[in-house]
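Biologist: Before I use any of these labels, I would like to see what stands behind them.

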Amino acid sequence: MVCYDNQSVEFFYNISKKTISDTWRTKDVVVVAMGLIVCAFVIFANILVMLAIFMNRRFHYPIYYLLGNLAAADLFSGISYLYLMFHTGPWTIKLSVYQWFVRQGLIDTSLTASVINLMAIALERHQTIFTMQLHSKMTNHRVVLLIVGIWLIAIVMGLVPTMGWSCVCNIQECSNMAPLYSRSYLVFWAVLNLLTFTVMVAVYTRIFVYVRRKNHRMSQHTSQVKHKETVVNLMKTVVMILGCFVVCWTPGLVLLLLDGLCESCDVLTYEKFFLVLAECNSFMNPIIYSYRDKDMRDTFKRILCFPCLGSRQKGEHSGVRFNTLEQERRRRVQQESWVARKARDGDGAQANGGQVVLKDAENMLDSTES
């Protein structure tokens, strides 16, 4: 077995069907421009989500910690893709084998962490819905261990090609899309992500079926309009989650499978555009999982308007934290007043219990949309 560790990146590109241009073509300029715009949106949106979760005490629950970790993974994805944009096109020919593996490893690590986070959020929603809870009772210690585990898996996946699963010592197995990667590794990575997607589909489908049946049983205690609105809102959330994942990832995963299984297939024509499309999933995640939450949107507005309102907040603590705690106090007062009125009315514990259970169920359904 002969290894070519000391060869240049150009050596491996010449073996595969992928060519390196020494001049900037129109296609290269368009791809880099699109990539930089996507990176700007990814970095901005996910920093905003992380700030909102950190500053707002209402978001200090396991589901929001996972959302924060998802935002961190997508932020890292945006930074990794930004690094890629400045080491692609004619710049690729100047890279060493080690630098090329670093470039690809960053992308693999960040995207893997993002996908695993999506699955972790789906499993967390499944656990809370089927135990009739508004928030998971998972301790902070377990959440931290889960987050650490997600990043360990992502880092290992990013280092696997560097640790030997590449074509540096077997140039006959070099792929076309990633000339230093083995075809078998591309198939493995694509199949693993498709399995993750399948698990997500199964989890959200089971959640939808369960909530629909539960909502139908409780429909006698509420109006038919409310019943339809709850089901439709949940359906919209599920369709957006799965639809975004399918649209952003399926084209790239199909290309990886074709590159690994079909040597005669032309997979290079749309390769870079599909990579940009997959990266778009990193700034769509904050929109789907966070922007649909009203409290999260209000926190975003306060963060973005903070410079404009700085003069009004002199002598106060953080505007986001102060306003949020005030809202919590008002809600507690309103809830205590409502309980006191019901106690005076003497409607009966059974009727009141049914209304409380119905209210908790509706809150639980609304939490799935975030």
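The exchange below sets labels against their definitions.

Modeller: This is a predicted model, in which local features need pLDDT of at least 70 and side-chain atom pairs count only at pLDDT 80 or more, while totals for chains, interfaces and linings use all residues. Residues are numbered from 1 along each chain as its sequence is written, and side-chain values use heavy atoms, without hydrogens and water.

Biologist: Why are H2 and H3 called roughly antiparallel?

Modeller: H2 and H3 pack at an angle of about 155°, their axes being 8 Å apart. Axes are lines fitted to C-alpha atoms, for helices over the stretch in contact, and angles run from 0 to 180 degrees between N-to-C directions. Roughly antiparallel means over 145 degrees, so H2 and H3 get that label.

Biologist: What makes H3 roughly antiparallel to H4?

Modeller: The axes of H3 and H4 cross at roughly 160° and come within 8 Å. That angle therefore makes H3 roughly antiparallel to H4.

Biologist: What is the handedness of the crossing of H3 and H4?

Modeller: The crossing of H3 and H4 is left-handed, a word used if the near helix is turned anticlockwise from the far one by less than a right angle. H2 also passes H3 in a left-handed crossing.

Biologist: Which residue classes make up the contact of H2 with H3?

Modeller: The contact of H2 with H3 has 20 nonpolar, 4 polar and 1 charged residues. Nonpolar covers Ala, Val, Leu, Ile, Met, Phe, Trp, Tyr, Cys and Pro; charged covers Asp, Glu, Lys and Arg; the others, Gly among them, are polar.

Biologist: What makes the second largest pocket a pocket?

Modeller: On a 1 Å grid over the protein atoms alone, a pocket is an open set of points where a 1.4 Å probe fits, with protein on both sides within 12 Å along at least five of seven lines. The second largest pocket holds about 770 Å³ of space. Its lining has 40 residues, and those closest to its centre are Lys 18, Met 177, Glu 271, Lys 272 and Leu 275.

Biologist: Which helix gives the largest share of that lining?

Modeller: H4 does, with 6 residues. By class, the lining of this pocket has 24 nonpolar, 7 polar and 9 charged residues.

Definitions and conventions:
1 Å grid on protein atoms, 1.4 Å probe; cavity = no way out; pocket = protein on both sides within 12 Å on 5 of 7 lines; lining within 4 Å. Points joined across faces, edges and corners; volume = space filled by probe spheres on them. Helix = DSSP H or I, 4+ residues; strand = E, 2+ residues; numbered from the N terminus. Parallel < 35°, antiparallel > 145°, perpendicular 65-115°, else oblique.
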